[in-house]
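Please open the structure in your viewer and keep a selection tool at hand, since this tour moves from one selection to the next. At each stop, the text says what to select and then what is there.

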Amino acid sequence: YIYTFYKHDFQGLTNLKHLDLKGNQVYQIEDGVFDDLYNVETAILGPRNSMNSSHLKEITKLRSVKTLVLTNNDIHVLPDNALKNLKSLETLDLSANYLVNITSDTFTGLTNLTHLSLTLNRLKRVEDGSFRTQANLQELNLDSNFIDEIYPETFQGLGSLESLNLDLNNFYVIERAMFASMPKLKQLYLRGDKNLQYIDDDSFQ
């Protein structure tokens with residue numbers, strides 16, 4: 001295993017396009033370790049590492065990254081605007097972490113995002129407008145969480161969304177016009193939502 005990456009470990013690798021560090025139990029990244037990796041397009045930093053929110057400042061130096069995999073790490077919080085410099089990001093996988101809350105500024109700036117996975121976190125609340133700047137998002141996975149309330153405003157801005165996974169959550173009601181902001185939706189998953197008691201007749205209009 002590699003537990004720590006030091007400042008000079010990737011020095012001079014300015015042409016690197018693909019970085020795969022999964023399965024190393026990484027828990028420490030020194031400041032400056034990614035300074036020369038500004039051309040990396042794919043960064044696989046999980047599963048089976050222990051990166052946390054304090055490492056996000058360094059990770060966002062990968063400013064050309066299109067695919068960022070942080071699954072199965074130790075991320076409890078995504079500070080507002082923490083990822084805003086990743087302008088090229090298209091796929092973000094944060095599954096199997098410890099996130100509890102998503103705010104309207106969590107994903108600010110990620111306007112090119114097409115695939116987002118928040119599967120298997122501890123989400124209880126997704127704030128209205130959390131995806132308002134993700135007009136290009138095509139796939140959103142919120143399954144296997146503890147979300148107990150969703151509203152039409154939760155999905156504001158998702159005009160390109162084609163697949164929405166809400167399996168295995170705790171919400172009770174699907175309101176009128178819940179999915180009205182998603183005219184391109186083709187796949188909707190509501191399996192295993194054991195608390196779901198009421199679906200409005202106009203939920204799918």
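What follows is a walk through a predicted model, with stops at a surface patch, salt bridges, aromatic pairs and two buried residues.

**Stop one: three tyrosines**

Begin by selecting Y1, Y3 and Y27, which together form a nonpolar patch on the surface with about 410 Å² of accessible area. The rings of Y1, Y3 and Y27 also form one aromatic cluster, so it is worth displaying the side chains as sticks before moving on. If you then centre the view on Y27, you will find yourself in the loop between β2 (18-20) and β3 (28-29). Y27 is partly exposed, its relative accessible area being 47%.

**Stop two: salt bridges**

Side chains of opposite charge can pair when their charged atoms come close. How many salt bridges does the structure hold? There are 8, and this stop visits some of them.

Select K17 and E41 next, whose side chains meet in a salt bridge with an N to O distance of 3.8 Å. K17 is placed in the loop between β1 (4-5) and β2, while E41 is placed in the loop between β3 and β4 (42-44), so this pair ties together parts that are 24 residues apart in sequence. Both partners can be followed to the surface in part: K17 is partly exposed at a relative accessible area of 44%, and E41 is partly exposed at 30%.

Now move to D35 and K61, where a second selection shows side chains meeting in a salt bridge of 2.9 Å, again N to O. Here D35 belongs to the loop between β3 and β4 and K61 to the loop between α1 (56-59) and β5 (67-69), so the parts that this pair ties together are 26 residues apart in sequence. D35 counts as partly exposed, with 38% relative accessibility, and K61 likewise counts as partly exposed, with 29%.

Keep K61 selected and add E58, because the tour continues with a further salt bridge of K61, this one to E58, in which the closest N and O atoms are 3.1 Å apart. Is E58 buried or exposed? E58 counts as buried, at 5% relative accessibility. With D35, E58 and K61 all on display, you have one network in view, joined by salt bridges that share partners.

**Stop three: aromatic pairs**

A pair of aromatic rings is described by the distance of the centres and the angle of the planes. A search of the whole structure finds 7 aromatic pairs. Select F10 and F34 from among them, a tilted pair with 6.1 Å from centre to centre and 35° between the planes. The pair links distant parts of the chain, since F10 sits in the loop between β1 and β2 and F34 in the loop between β3 and β4, 24 residues apart. F10 counts as buried at 11% relative accessibility, and F34 also counts as buried, at 1%.

Then select F179 and F204, which form a stacked pair whose centres are 5.5 Å apart and whose planes are at 20°. This pair, too, links distant parts of the chain: F179 is in the loop between β12 (173-174) and β13 (187-189), and F204 is in the segment after β14 (198-199), 25 residues apart. The two rings differ in exposure, as F179 is buried with a relative accessible area of 7%, whereas F204 counts as exposed at 52%.

**Stop four: two buried residues**

Select L116, which is found in strand β8 (residues 115-117) and is buried, with a relative accessible area of 1%. Which residues does L116 touch, not counting those up to four places away in sequence? They are L92, F107, F131, L137, E139, L140 and N141, and adding them to the selection lets you inspect the surroundings of L116. For a distance check, draw a line from the C-alpha of L116 to that of S95: the two residues are 21 residues apart in sequence and 9.2 Å apart in space.

End the tour at N170, in the loop between β11 (163-165) and β12. N170 is buried, with a relative accessible area of 17%. Leaving aside neighbours within four places in sequence, N170 is in contact with F146, I147, D148, K194 and N195, which make up the last selection of the tour.

Conventions
Residues numbered from 1 in each chain as written. Predicted model: local features only at pLDDT ≥ 70, side-chain atom pairs only at ≥ 80, totals over all residues. Heavy atoms only, no water. Patch = residues over 30% accessible without salt bridge, like charges linked within 9 Å, V, L, I, M, F, W, Y side chains within 5 Å. Areas by Shrake-Rupley, 256 points an atom, 1.4 Å probe, with all protein chains shown as cover. Salt bridge = Lys/Arg side-chain N within 4 Å of Asp/Glu carboxyl O. Helix = DSSP H or I, 4+ residues; strand = E, 2+ residues; numbered from the N terminus. Buried < 20%, exposed > 50% of the residue type's maximum accessible area, 1.4 Å probe, protein only. Contact = heavy atoms within 4.5 Å. Phe/Tyr/Trp six-rings, centres within 6.5 Å; stacked < 30°, edge-to-face > 60°.
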